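Student: Please take me through the assignments in this structure and the criteria behind them.

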Amino acid sequence: MPLLTTPALAPGALARHPQPTIDAGDLRLRPWQPTDHPAVVAAYADPAVQRWHCRTLTDDEAHAWIAAWPGRWQQETGAGWAVTDDSGVLGQISLRAIDLADAQGEVSYWVLPAARGRGVAARALTALTTFSFDRLGLHRVWLRHSTGNPASCRVAERAGLPAEGTNRGGARHADGWHDMHLHARLRTDT
Ligand SMILES: CC(C)(COP(=O)(O)OP(=O)(O)OC[C@H]1O[C@@H](n2cnc3c(N)ncnc32)[C@H](O)[C@@H]1OP(=O)(O)O)[C@@H](O)C(=O)NCCC(=O)NCCS
(Lines give C-alpha, C1' and ligand atoms only; values in the text may rest on other atoms or scores of the structure.)
Protein backbone atom coordinates (compact mmCIF):
# COMPACT_ATOMS: atom_id res chain seq x y z
CA MET A 1 0.00 0.00 0.00
CA PRO A 2 1.68 3.27 -1.02
CA LEU A 3 2.09 5.87 1.69
CA LEU A 4 0.51 9.27 1.08
CA THR A 5 3.20 11.03 3.16
CA THR A 6 6.91 11.42 2.60
CA PRO A 7 9.28 10.69 5.48
CA ALA A 8 9.94 13.84 7.48
CA LEU A 9 13.65 13.00 7.70
CA ALA A 10 15.68 10.99 5.22
CA PRO A 11 18.00 8.22 6.40
CA GLY A 12 21.36 9.71 7.32
CA ALA A 13 20.08 12.38 9.69
CA LEU A 14 22.20 10.76 12.40
CA ALA A 15 24.59 8.38 10.66
CA ARG A 16 26.14 10.88 8.26
CA HIS A 17 28.04 12.40 11.22
CA PRO A 18 29.85 10.73 14.11
CA GLN A 19 27.87 10.91 17.35
CA PRO A 20 28.86 14.26 18.88
CA THR A 21 29.42 15.45 22.42
CA ILE A 22 26.71 17.90 23.49
CA ASP A 23 27.65 20.88 25.63
CA ALA A 24 25.26 21.56 28.51
CA GLY A 25 26.95 24.35 30.45
CA ASP A 26 28.96 22.71 33.21
CA LEU A 27 27.74 19.30 32.03
CA ARG A 28 28.79 17.38 28.94
CA LEU A 29 26.78 14.70 27.20
CA ARG A 30 29.36 12.46 25.57
CA PRO A 31 29.20 9.08 23.84
CA TRP A 32 29.67 6.14 26.17
CA GLN A 33 33.14 4.65 26.66
CA PRO A 34 34.04 1.10 27.80
CA THR A 35 35.64 2.59 30.94
CA ASP A 36 32.21 3.89 32.03
CA HIS A 37 31.23 0.31 32.91
CA PRO A 38 31.35 0.75 36.74
CA ALA A 39 28.92 3.70 36.55
CA VAL A 40 26.43 1.68 34.50
CA VAL A 41 26.66 -1.27 36.90
CA ALA A 42 26.16 1.09 39.87
CA ALA A 43 23.15 2.73 38.27
CA TYR A 44 21.30 -0.53 37.66
CA ALA A 45 22.08 -1.67 41.21
CA ASP A 46 20.12 1.34 42.51
CA PRO A 47 16.58 0.50 43.67
CA ALA A 48 15.07 3.63 42.10
CA VAL A 49 16.60 2.90 38.69
CA GLN A 50 15.43 -0.71 38.97
CA ARG A 51 11.95 0.44 39.96
CA TRP A 52 11.43 2.95 37.17
CA HIS A 53 13.48 1.34 34.39
CA CYS A 54 12.25 -2.14 35.32
CA ARG A 55 15.53 -3.95 34.82
CA THR A 56 18.83 -4.99 36.31
CA LEU A 57 22.10 -5.51 34.46
CA THR A 58 24.85 -8.03 35.04
CA ASP A 59 28.49 -7.03 34.46
CA ASP A 60 28.42 -8.59 31.00
CA GLU A 61 25.11 -6.95 30.16
CA ALA A 62 26.52 -3.56 31.18
CA HIS A 63 29.44 -4.08 28.77
CA ALA A 64 26.97 -5.04 26.04
CA TRP A 65 24.73 -2.06 26.85
CA ILE A 66 27.67 0.34 26.36
CA ALA A 67 28.90 -1.47 23.27
CA ALA A 68 25.48 -1.33 21.58
CA TRP A 69 25.18 2.49 21.40
CA PRO A 70 27.49 3.13 18.39
CA GLY A 71 25.52 0.61 16.35
CA ARG A 72 22.24 2.20 17.34
CA TRP A 73 23.55 5.61 16.18
CA GLN A 74 24.67 4.09 12.88
CA GLN A 75 21.32 2.32 12.41
CA GLU A 76 19.51 5.52 13.52
CA THR A 77 17.34 3.61 15.98
CA GLY A 78 18.61 5.26 19.17
CA ALA A 79 21.34 7.43 20.66
CA GLY A 80 22.74 7.38 24.18
CA TRP A 81 25.05 9.72 26.05
CA ALA A 82 26.84 9.63 29.39
CA VAL A 83 26.05 12.80 31.32
CA THR A 84 29.37 13.93 32.77
CA ASP A 85 31.19 16.73 34.55
CA ASP A 86 34.81 17.03 35.62
CA SER A 87 34.21 14.40 38.31
CA GLY A 88 33.08 11.71 35.85
CA VAL A 89 29.78 10.08 34.92
CA LEU A 90 26.71 11.52 36.66
CA GLY A 91 23.99 9.78 34.69
CA GLN A 92 22.64 8.86 31.30
CA ILE A 93 20.28 10.38 28.80
CA SER A 94 19.19 8.84 25.55
CA LEU A 95 16.87 8.93 22.63
CA ARG A 96 15.78 5.39 23.41
CA ALA A 97 13.74 5.28 20.21
CA ILE A 98 14.01 7.39 17.06
CA ASP A 99 11.45 7.53 14.27
CA LEU A 100 12.89 9.47 11.33
CA ALA A 101 9.73 9.16 9.24
CA ASP A 102 7.77 11.08 11.88
CA ALA A 103 10.85 13.02 13.11
CA GLN A 104 10.31 11.99 16.72
CA GLY A 105 12.48 10.77 19.55
CA GLU A 106 11.59 9.21 22.90
CA VAL A 107 13.85 10.13 25.82
CA SER A 108 15.06 8.10 28.79
CA TYR A 109 17.28 9.26 31.67
CA TRP A 110 18.65 8.33 35.05
CA VAL A 111 21.04 10.03 37.43
CA LEU A 112 23.37 8.17 39.80
CA PRO A 113 22.22 8.49 43.44
CA ALA A 114 25.27 10.54 44.49
CA ALA A 115 24.62 13.11 41.74
CA ARG A 116 20.90 13.64 42.42
CA GLY A 117 19.40 16.80 43.84
CA ARG A 118 21.12 19.37 41.63
CA GLY A 119 19.03 19.36 38.49
CA VAL A 120 21.33 17.21 36.36
CA ALA A 121 18.54 15.43 34.45
CA ALA A 122 16.63 18.62 33.57
CA ARG A 123 19.78 20.33 32.29
CA ALA A 124 20.73 17.26 30.26
CA LEU A 125 17.20 16.99 28.86
CA THR A 126 17.15 20.67 27.89
CA ALA A 127 20.43 20.24 26.01
CA LEU A 128 19.35 17.00 24.32
CA THR A 129 16.04 18.52 23.24
CA THR A 130 17.78 21.53 21.68
CA PHE A 131 20.26 19.23 19.93
CA SER A 132 17.44 17.00 18.67
CA PHE A 133 15.65 19.94 17.07
CA ASP A 134 18.60 21.97 15.83
CA ARG A 135 21.08 19.28 14.79
CA LEU A 136 19.00 16.19 14.07
CA GLY A 137 15.96 18.01 12.70
CA LEU A 138 13.46 16.20 14.91
CA HIS A 139 9.98 17.68 15.13
CA ARG A 140 8.90 16.19 18.47
CA VAL A 141 10.77 14.98 21.58
CA TRP A 142 8.73 13.06 24.11
CA LEU A 143 8.90 10.85 27.17
CA ARG A 144 6.68 8.91 29.49
CA HIS A 145 7.01 8.37 33.23
CA SER A 146 4.93 6.57 35.80
CA THR A 147 2.51 8.82 37.67
CA GLY A 148 4.19 7.35 40.76
CA ASN A 149 7.47 9.09 39.83
CA PRO A 150 6.98 12.83 40.56
CA ALA A 151 10.73 13.60 40.31
CA SER A 152 10.66 12.58 36.64
CA CYS A 153 7.55 14.71 36.11
CA ARG A 154 9.42 17.76 37.49
CA VAL A 155 12.42 17.01 35.27
CA ALA A 156 10.24 17.01 32.15
CA GLU A 157 8.37 20.18 33.13
CA ARG A 158 11.56 22.03 34.04
CA ALA A 159 13.15 21.09 30.70
CA GLY A 160 10.18 22.47 28.79
CA LEU A 161 8.29 19.27 28.00
CA PRO A 162 4.82 19.91 29.42
CA ALA A 163 2.43 17.08 30.26
CA GLU A 164 0.06 16.16 27.44
CA GLY A 165 -2.02 13.55 29.20
CA THR A 166 -2.09 10.18 30.89
CA ASN A 167 -1.81 6.76 29.29
CA ARG A 168 -3.99 4.72 31.64
CA GLY A 169 -2.31 1.41 32.50
CA GLY A 170 0.33 2.39 29.95
CA ALA A 171 3.31 0.38 31.20
CA ARG A 172 3.90 -2.73 33.20
CA HIS A 173 6.17 -2.42 36.24
CA ALA A 174 7.32 -5.03 38.77
CA ASP A 175 4.23 -4.29 40.88
CA GLY A 176 1.77 -4.22 37.99
CA TRP A 177 0.32 -1.72 35.52
CA HIS A 178 1.12 1.97 36.00
CA ASP A 179 -0.63 4.99 34.58
CA MET A 180 1.95 6.92 32.53
CA HIS A 181 2.23 10.68 32.05
CA LEU A 182 3.12 11.68 28.51
CA HIS A 183 5.30 14.81 28.12
CA ALA A 184 6.48 16.36 24.86
CA ARG A 185 8.00 19.38 23.22
CA LEU A 186 7.63 20.34 19.57
CA ARG A 187 10.30 22.19 17.64
CA THR A 188 7.71 24.90 16.99
CA ASP A 189 6.93 25.43 20.70
CA THR A 190 8.03 28.84 21.92
C1 LIG B 1 14.39 11.25 38.11
C2 LIG B 1 15.86 11.57 38.28
C3 LIG B 1 16.57 11.34 36.93
C4 LIG B 1 16.00 13.03 38.67
O5 LIG B 1 17.33 13.26 39.05
P6 LIG B 1 17.91 14.75 39.28
O7 LIG B 1 18.21 15.40 37.99
O8 LIG B 1 19.03 14.64 40.25
O9 LIG B 1 16.65 15.50 39.89
P10 LIG B 1 16.60 16.42 41.19
O11 LIG B 1 16.81 15.60 42.43
O12 LIG B 1 17.49 17.58 40.98
O13 LIG B 1 15.05 16.84 41.20
C14 LIG B 1 14.42 17.34 40.04
C15 LIG B 1 13.08 17.92 40.49
O16 LIG B 1 12.26 16.87 41.02
C17 LIG B 1 11.90 17.19 42.36
N18 LIG B 1 11.88 15.94 43.12
C19 LIG B 1 12.94 15.15 43.39
N20 LIG B 1 12.51 14.07 44.10
C21 LIG B 1 11.17 14.21 44.23
C22 LIG B 1 10.16 13.43 44.86
N23 LIG B 1 10.44 12.28 45.48
N24 LIG B 1 8.88 13.89 44.82
C25 LIG B 1 8.57 15.04 44.20
N26 LIG B 1 9.49 15.82 43.57
C27 LIG B 1 10.77 15.40 43.60
C28 LIG B 1 12.96 18.15 42.84
O29 LIG B 1 12.48 18.95 43.90
C30 LIG B 1 13.20 18.95 41.59
O31 LIG B 1 12.13 19.85 41.39
P32 LIG B 1 12.35 21.35 40.87
O33 LIG B 1 12.91 21.22 39.47
O34 LIG B 1 10.99 21.93 40.91
O35 LIG B 1 13.34 21.96 41.81
C36 LIG B 1 16.53 10.68 39.38
O37 LIG B 1 15.79 10.82 40.57
C38 LIG B 1 16.61 9.22 38.99
O39 LIG B 1 17.55 8.82 38.32
N40 LIG B 1 15.63 8.42 39.44
C41 LIG B 1 15.61 7.00 39.15
C42 LIG B 1 15.41 6.71 37.66
C43 LIG B 1 14.23 7.45 37.08
O44 LIG B 1 13.24 7.73 37.75
N45 LIG B 1 14.37 7.74 35.76
C46 LIG B 1 13.29 8.37 35.04
C47 LIG B 1 12.33 7.33 34.56
S48 LIG B 1 11.00 8.06 33.64
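**Strand 3 and helix 5**

Tutor: In this predicted model, strand 3 (residues 79-85) is largely enclosed by the rest of the structure, because seven of its seven residues are buried. Local features need pLDDT of at least 70 and side-chain atom pairs pLDDT 80 or more, while totals for chains, interfaces and linings use all residues. Residues are numbered from 1 along each chain as its sequence is written, and side-chain values use heavy atoms, without hydrogens and water.

Student: What makes a residue of strand 3 buried?

Tutor: Buried means under 20% relative accessible area, exposed over 50%, and partly exposed in between (1.4 Å probe, protein chains only). A79, W81, V83 and D85 point one way and G80, A82 and T84 the other, and all are buried.

Student: Why are strand 3 and strand 4 (residues 88-99) said to pair?

Tutor: Pairing requires that DSSP find at least two bridges between two strands. Strands 3 and 4 have seven, in the antiparallel sense, so the criterion is met. D85 has G88 in strand 4 as its bridge partner, and a hairpin of two residues joins the strands. Strand 2 (residues 27-31) also pairs with strand 3 in the antiparallel sense, over four bridges.

Student: Why are the buried residues of helix 5 said to line one face?

Tutor: In helix 5 (residues 150-158), S152, C153, V155 and A156 are buried. Seen down the axis, the buried residues fall within an arc of 160 degrees, so they line one face of the helix; the arc is that of the directions from the helix axis to the C-beta atoms. The face turned away carries the exposed residues P150, A151 and R158.
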